[in-house]
Amino acid sequence: MSFGRLGALGRGFGSLGALGGAGTSLLPAPTLSWTSGTTDNTPNLTVTFPDILVTGTDVTFEHATNSGFTGATSIVHDLTDPEALAQEMELALSELADGTYYIRVKYEGSNWSNTETKTIDAAPTLTLPTG
């Protein structure tokens, strides 16, 4: 009996390597949108997933002050039932200092999403009393 490229019980896995191989992703990347403006230092993000995912899937966000994500801050979120079914989730980040930020997201087994970039300038506005 011949098992083709997969070999007996998956032995050899062909060009995929064992369970996808190191650095190989089998799942499409999510899409990230930065929905808040540049004067909001608590960014609101929306992530759209290309497929329905399993509840509890780890979704990892990274934000950094450089496009290479050196020294990035990571946030891991477990997908909830409503988020998994809707194929979408929202996240509000903690307060960020003024500056340029790069943000990306991925879920277990996917590539990184598109990178969203914004320069935050949340300088307080002076309001003078009337009267």
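This briefing covers a small set of backbone and strand-pairing features. The model is predicted. In it, three strands come together as an open sheet with the order 1-2-5 and antiparallel pairing, while Phe-69 has a positive phi near 60° without being a glycine, and Gln-87, also not a glycine, has a positive phi of about 60°.

**The open sheet**

- The sheet runs in the order 1-2-5, and its edges are strand 1 (31-34) and strand 5, each of which pairs on one side only.
- From one strand to the next, the twist averages 20°.
- Strand 1 is joined to strand 2 (residues 44-48) by four bridges in the antiparallel sense, and Trp-34 stands opposite Leu-45, a residue of strand 2.

**Phe-69**

- The positive phi of Phe-69, near 60°, falls in the loop that links strand 3 (58-64) with strand 4 (73-78).
- Phe-69 has a relative accessible area of 8%, and because the cut-off for buried is under 20% relative accessible area, this residue counts as buried.

**Gln-87**

- Gln-87, with its positive phi of about 60°, is located in the loop between helix 1 (81-86) and strand 5 (88-92), and strand 5 is itself an edge strand of the open sheet.
- The relative accessible area of Gln-87 is 24%, so that Gln-87 is classed as partly exposed, the class that lies between the limits of under 20% for buried and over 50% for exposed.

How values were computed: Residues are numbered from 1 along each chain as its sequence is written. This is a predicted model: local features need pLDDT of at least 70, side-chain atom pairs count only at pLDDT 80 or more; totals for chains, interfaces and linings use all residues. Side-chain values use heavy atoms; hydrogens and water are left out. Helices (H or I, at least four residues) and strands (E, at least two) are DSSP runs, numbered from the N terminus. Buried means under 20% relative accessible area, exposed over 50%, partly exposed in between (1.4 Å probe, protein chains only). Two strands pair if DSSP finds at least two bridges between them. Axes are lines fitted to C-alpha atoms, for helices over the stretch in contact, and angles run from 0 to 180 degrees between N-to-C directions.
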